[in-house]
Amino acid sequence: MSKKIISIAGFVVMLGLIGFSQAHADTNINLQVITSTTTIYSQNISVVPCPLSPTSSTTMVTSGYCALQQAGLNNNWSWFGDDAFLNSVNGVANNAGGNNVYWAFFTNLEYGQTSLSAHNLTAGEKLLMAYDINPLRVSADTLSPTTGATSTVFTEQFGLDASYNPVWTPATTSTIYINRQTFSPDNTGHYVFLATSSSYSVDTTGTGYINSHTIAIIPVGAPNRPP
């Protein structure tokens, strides 16, 4: 066999090893497990690929199911084929016969509508498990306003409408924090402030909701004016 053929064969093997390594690489995410009364879990976790399901043990995935299993929590699941649905975490169980409260999940504040085993994790993802409580979110019309100009913050709360469709509505009763000073949104969920500092840390809280993540607003220098 020529050196050229050996070299090509070695290159193919190397590509195979790289592909295997990438397919089985850990995925770093932030995992929160929160109920209306307590935070069960809130930290970064490196998720290792796990079997797709008990009946598909040779297919490895990095899913929301893997994250919950590897967080060291006491979980209970129902399986329907390859789909795993969460029944309880640390004894906090779905309440279908009472007030119809179920565990829900959000990925980067997008409402999850698949099974956790069907949700593939991405690096840096914020995975939220919520029970009997919904999240808030905050945004701004711009994260880099001109120094001396106004910036508008918008706060919203998650819920389900009468048809159980996921919706975000203005969080008019929430509290907005701008560099730890408190402000109240208007009746559309907005608050306008003058951007004069070098940077602003903005988040929002509300009774009965999960605090929002923090966003950074960093003003930029005013444009040069003609003489």
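## Strand β8 and its aromatic neighbours

F158 is buried, with a relative accessible area of 3%. This is a predicted model. F106 is buried too, at a relative accessible area of 1%. Buried here means under 20%.

The two rings meet. Across the whole structure, a search finds 10 aromatic pairs. In one of them, the ring centres of F106 and F158 are 4.9 Å apart and the planes stand at 90 degrees, so the pair is edge-to-face. F106 belongs to strand β8 and F158 to strand β12 (residues 150–160), so the contact ties together parts that are 52 residues apart in sequence. Ring pairs also draw in other residues: F106, Y111, F158 and W168 are linked into a cluster. R137 lies over the face of W168, 4.1 Å from the ring centre.

Now the strand that carries F106. All 5 of the 5 residues of β8 (residues 103–107) are buried, so the rest of the structure largely encloses this strand. In a regular strand, side chains alternate between the two faces of the sheet. Both faces of β8 are covered: W103, F105 and T107 are buried on one side, A104 and F106 on the other.

β8 pairs with two strands, as listed here.

| Partner of β8 | Sense | Bridges | Residues opposite |
|---|---|---|---|
| β10 (residues 126–131) | antiparallel | 5 bridges | F105 and M129 |
| β9 (residues 110–111) | antiparallel | 2 bridges | F106 and Y111 |

β8 and β9 form a hairpin, with 2 residues between them. In that turn, N108 has a positive phi of about 50 degrees. Y111, opposite F106 in β9, is also a member of the ring cluster.

Technical notes. Residues are numbered from 1 along each chain as its sequence is written. This is a predicted model: local features need pLDDT of at least 70, side-chain atom pairs count only at pLDDT 80 or more; totals for chains, interfaces and linings use all residues. Side-chain values use heavy atoms; hydrogens and water are left out. Buried means under 20% relative accessible area, exposed over 50%, partly exposed in between (1.4 Å probe, protein chains only). Helices (H or I, at least four residues) and strands (E, at least two) are DSSP runs, numbered from the N terminus. Two strands pair if DSSP finds at least two bridges between them. Rings of Phe, Tyr and Trp (its six-membered ring) pair if their centres lie within 6.5 Å; planes under 30 degrees apart count as stacked, over 60 as edge-to-face and the rest as tilted. A charge sits over a ring if NZ of Lys or CZ of Arg is within 6 Å of the ring centre and within 35 degrees of the ring normal.
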